[in-house]
Amino acid sequence: MDATEVNGTVANGFEVVRDVFRRNLALGADVGAGLAIYQNGEPVVDLWGGYADPDTHRPWERDTIAALASTTKTFAAGALLLLIERGQVDLDAPVACYWPEFAQNGKGEITVRVLLSHRAGLPSMEARPVTWEDLREWTPVTDTLADAAPEWPPGTAHGYHGVTFGHLTGEIVRRVSGTSLSECFARHIAAPLGGLDCYIRVPDAELPRMATMVVPDAEQIMLGMEVPELADMVEALNDPTTLTYRAMFGSVSMDGVASAPSLARYYAALAGEVDGVRLLSPQLVDQVRRSYGDGIDEILRVRTSWGLGFALPGGPMWPAPEQVTGLFGHSGASGSFAFADPQRDLAFAYVPNRGSELLEGGDFRVRGLIEALYEGRL
């Protein structure tokens, strides 16, 4: 097959997005990727191309799934927000109302809202770096977080909880729903939307559809590290005494997977209605896309802006035009990025298999795609 061949469809007015997608493949910026966009609850872009496995030349198909890295956090956020939408969790109640052990070491007043907006001061697992067995068992991680003391007074600053967010939110989901985070998402979000190919834990039967991740080469990573806005973060990542190092390298993370069409469908149902399914009310969506912390991030050392479980426009990790307000989404080191634009009823999902040269994604590939999407729409 031609590695630059693009498959799929685009609606009238979205052709420029296809051109940029094709260019990324032709330039070798992408190895393989899927791109999907919804508008008004309907798919308007559904593209895929390149190799799911460059070594075997297995082609990328429409239903190819790939690792999302940090974009997975929005599955955890979505599950908790759904419980909030249903009145089972109160945004302004202390987390300890649902998870009593969490109240230890001065955390009794931390609310669900503070936790969701990366302001709880619990970004690190350095006190007890966990093993893969701990991840499978779940509770060793949540027990450690319940015992932890905040790194800053909760609610007074924001810092990316890159490796703890899934367990912090997921434990509330587990305590309230009586099921695991992955089961809750599958049953109450993925299934009603037609069986999304979005997984927090990938079933063995789906593994043959997984794309093989390709790590950027040393030159590409160095270019990413030379972005002037990232200088403070790079310095901190190389200093084991910093909170940045302890939160990112002294801990662990969990990755989910998705196909581009399913990820876009999920975001479309967060922001609006898809085939009669709407996950969140407009009132809660307005809460999600309100900024609770904007400025220099305690962990990433760059400007970030956080809503409830989602990143908002602002700073080098956000690849969409900052003049487009009201958006919410998330990027991942895998290169993935997804966001919703409720004002224009748009949902965007980009899922590649070449990792980003930036720590948390948002590189030039996805920036070009989003600029093309908004060309003529601003």
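A residue is called buried when its relative accessible area is under 20%. The exercises below apply this cut-off, among other tools, to a predicted model.

**Exercise 1. Determine whether H118 is buried or exposed, and describe its backbone and its place in the chain.**

Solution.
Step 1. The relative accessible area of H118 is 1%.
Step 2. The limit for a buried residue is 20%, so H118, at 1%, is buried.
Step 3. H118 belongs to the loop that joins α3 (112-116) to α4 (132-137).
Step 4. Most residues other than glycine have a negative phi. H118 is not a glycine, yet its phi is positive, about 60°.

**Exercise 2. Carry out the analysis for A69.**

Solution.
Step 1. A69 has a relative accessibility of 11% and therefore counts as buried.
Step 2. Its location is strand β5 (residues 66-69).
Step 3. A69 is not a glycine, and its phi is positive at about 55°.

**Exercise 3. Give an overview of the protein chain: how many helices and strands does it hold, and what share of its residues is buried?**

Solution.
Step 1. The protein chain contains 13 helices and twelve strands.
Step 2. Of its 378 residues, 60% are buried.
Step 3. Among the contacts with a separation of 6 or more, 67% join residues 24 or more positions apart.

**Exercise 4. Compare the lengths of helices α2, α11 and α6 with the spans expected at 1.5 Å a residue.**

Solution.
Step 1. Helix α2 has 13 residues; 18 Å is expected, and its first and last C-alpha atoms are 18 Å apart.
Step 2. Helix α11, with twelve residues, reaches 17 Å, close to the expected 16 Å.
Step 3. Helix α6 (residues 165-177) has 13 residues and should span 18 Å; because its end C-alpha atoms are 18 Å apart, the two values agree.
Step 4. The residues that follow two of these helices may be added. After α2 comes G87, with a positive phi near 80°. Just after α6, G178 has a positive phi of about 80°.

**Exercise 5. Establish how far α2, α11 and α6 are buried.**

Solution.
Step 1. In α2, twelve of the 13 residues are buried, and the helix is mostly covered. Among them are K73, T74, F75 and G78.
Step 2. In α11, twelve of the twelve residues are buried, so this helix is largely enclosed by the rest of the structure. They include P261, R265 and Y267.
Step 3. In α6, the buried residues are F165, H167, L168, T169, G170, E171, I172 and V173.

**Exercise 6. Describe how α2 packs against α11.**

Solution.
Step 1. Two packed helices are described by the angle between their axes and the distance between the axes.
Step 2. The axes of α2 (residues 73-85) and α11 (residues 260-271) come within 12 Å and cross at roughly 35°.
Step 3. The crossing of α2 with α11 is left-handed.
Step 4. On the α2 side, T74, F75 and G78 take part; they meet L263, Y266 and Y267 of α11.
Step 5. Sorted by class, this contact has four nonpolar residues, two polar residues and no charged ones.

**Exercise 7. Identify the residues that touch the most other members of the largest nonpolar core.**

Solution.
Step 1. The largest nonpolar core has 76 residues, and the residues sought are V112, L263 and Y266.
Step 2. A further core, of 37 residues, lies apart from it and includes W318, F337, F339 and Y374.
Step 3. L263 and Y266 also appear in the contact between α11 and α2.
Step 4. With neighbours within four places in sequence left aside, V112 is in contact with L80, I84, V89, D90, L91, A93, V95, Y98 and I172. Of these partners, L80 and I84 are buried residues of α2, while I172 is a buried residue of α6.

**Exercise 8. Characterise A190 and G355, with their positions in space.**

Solution.
Step 1. A190 lies in helix α7 (residues 181-190) and is buried, at 5% relative accessible area.
Step 2. Leaving out residues up to four places away, A190 touches F185, G195 and L196.
Step 3. A190 and F75 are 115 residues apart along the chain, and their C-alpha atoms are separated by 9.9 Å.
Step 4. G355 occupies the loop between β12 (346-352) and α13 (364-374). Its relative accessible area is 6%, so G355 is buried.
Step 5. G355 and G335 are 20 residues apart in sequence, with a C-alpha to C-alpha distance of 5.0 Å.

Methods. Residues are numbered from 1 along each chain as its sequence is written. This is a predicted model: local features need pLDDT of at least 70, side-chain atom pairs count only at pLDDT 80 or more; totals for chains, interfaces and linings use all residues. Side-chain values use heavy atoms; hydrogens and water are left out. Helices (H or I, at least four residues) and strands (E, at least two) are DSSP runs, numbered from the N terminus. The expected span of a helix is 1.5 Å times one less than its number of residues. Buried means under 20% relative accessible area, exposed over 50%, partly exposed in between (1.4 Å probe, protein chains only). A nonpolar core is a set of buried Ala, Val, Leu, Ile, Met, Phe, Trp, Tyr and Cys residues joined through side-chain atoms within 4.5 Å. Contact means heavy atoms within 4.5 Å. Axes are lines fitted to C-alpha atoms, for helices over the stretch in contact, and angles run from 0 to 180 degrees between N-to-C directions. A crossing is left-handed if the near helix is turned anticlockwise from the far one by less than a right angle, and right-handed if clockwise. Ala, Val, Leu, Ile, Met, Phe, Trp, Tyr, Cys and Pro count as nonpolar, Asp, Glu, Lys and Arg as charged, and the others, Gly among them, as polar.
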